[in-house]
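Here are a few exercises to work through with the model on your screen. Take each task in turn, try it yourself, and then follow the solution step by step.

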Amino acid sequence: MWEPFFVCWTRIGTGLCLAVELDAHLWRSGTYTMAHKPATLPSTHMDLASPTQEFSVSQASVADLDDLARLFDAYRQFYRQDADLDGARLFLRARLDGEESVILTARAAEQGEAVGFTQLYPFFSSVRMRRLWVLNDLFVAASARRMGVARALIEAAHAFAAETGAAGVQLSTERTNHAAQALYNDLGYVRDDDFWTYEFSPKT
C-alpha cells in the first residue's frame, strides 16, 4: 500500500507551503518547507478560492470517498460526460481498494471541505527501467479557483514521485485547455512533439 506521506498547510493567496510533514519511514528529519508561486492563470477547472483561507494537501483514503466522488463526478462532467455520482464512487473505491492509484486531496483548513484532487496511476518505462507516475486527473472545485490549489496539488505529486523514486511524472491535456498548458509549462513540463499517441478500442 502507498502510505500517506505528508500534509501541506498553505495560506491561499500567498502560494507558500508552510510545512510539509513526512512519515518517519520516508523522511526522518521532521519537516521541510517548499514554496510555489500563486496561480495567475485565467479561470479554468483547475484554479481556487478565498484569499484568507488555508488548505491542506494529503493522500486520500476510503474515508474521503464521498468527497472524492463529488469532485470526480464534476471533473468528468467538465470533460462532457454525463453526471454519474454512484459510478464515480464505485470507480474510485475500486482504485483505492485495489491500490491501483494514489489520490491527493486538497481541503479547506477551516471547514475541512474537499476542494480539489489529483489522481496518479503507476507506470513503468522499459527504456529507463524506472517507475513513472501518470498524473491522469486534476480538478479544483468552481468555488475554489484561481488561488494556487492546482499548482499545490501538482507539486505535491512531484514530491510523492520523488519519495517513491520515480523517474518523473507524465500528463496530457486537451489542446484547447490553454490555461492548463500555461501552468504545466510554468512548472517545467516539456511537451512531447516527437511521438504520436494511439488508442485502440475493441468493439463491444
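**Exercise 1. Find which residues lie nearest the centre of the largest pocket, and which elements line it.**

Step 1. Start with the term: on a 1 Å grid over the protein atoms alone, a pocket is an open set of points where a 1.4 Å probe fits, with protein on both sides within 12 Å along at least five of seven lines, and lining residues have an atom within 4 Å of a point.

Step 2. The largest pocket is lined by 27 residues, and Leu-171, Ser-172, Thr-173, Arg-191 and Asp-192 lie nearest its centre.

Step 3. Two or more lining residues come from each of β7, β8 (169-170) and α4. Helices here are DSSP runs of H or I with at least four residues, strands are runs of E with at least two, and both are numbered from the N terminus. The largest share of the lining, 5 residues, belongs to β7.

Step 4. The volume of this pocket is about 1,300 Å³, counted as the space filled by probe spheres set on grid points that are joined across faces, edges and corners.

A note before going on: this is a predicted model, in which local features need pLDDT of at least 70 and side-chain atom pairs count only at pLDDT 80 or more, while totals for chains, interfaces and linings use all residues. Residues are numbered from 1 along each chain as its sequence is written, and side-chain values use heavy atoms, with hydrogens and water left out.

**Exercise 2. Describe the order of helices and strands along the chain.**

Step 1. Count the elements: there are 4 helices and 8 strands.

Step 2. Follow the sequence, and the pattern reads β-β-β-β-α-α-β-β-β-α-β-α.

**Exercise 3. Work out which elements build the largest nonpolar core.**

Step 1. A nonpolar core is a set of buried Ala, Val, Leu, Ile, Met, Phe, Trp, Tyr and Cys residues joined through side-chain atoms within 4.5 Å. Buried means under 20% relative accessible area, exposed over 50%, and partly exposed in between (1.4 Å probe, protein chains only).

Step 2. The largest core has 28 residues, and Val-57, Leu-135, Leu-153 and Ile-154 have the most contacts inside it.

Step 3. Two or more of its residues come from each of β4 (54-59), β5 (102-108), β6 (114-125), β7 (130-140), α3 (149-163) and α4 (178-186). Helix α3 gives the most, with 9 residues.

Step 4. Another core lies apart from this one; it has 15 residues, including Leu-68, Leu-71, Ile-103 and Phe-117.

**Exercise 4. Trace the salt-bridge network that contains Arg-107.**

Step 1. A salt bridge is a side-chain nitrogen of Lys or Arg within 4 Å of a carboxyl oxygen of Asp or Glu. By this rule the model has 8 of them.

Step 2. Arg-107 pairs with Asp-64, with their closest N and O atoms 3.0 Å apart. Arg-107 sits in strand β5 and Asp-64 in the loop between β4 and α1 (65-78), so this pair ties together parts 43 residues apart in sequence.

Step 3. Arg-107 also meets Asp-67, at 2.8 Å from N to O. Asp-67 belongs to helix α1, 40 residues away from Arg-107 in the chain.

Step 4. Compare the burial: Arg-107 is buried at 17% relative accessibility, and Asp-64 is buried at 16%, whereas Asp-67 is partly exposed at 26%.

Step 5. Put the pieces together: Asp-64, Asp-67 and Arg-107 form a network of salt bridges.
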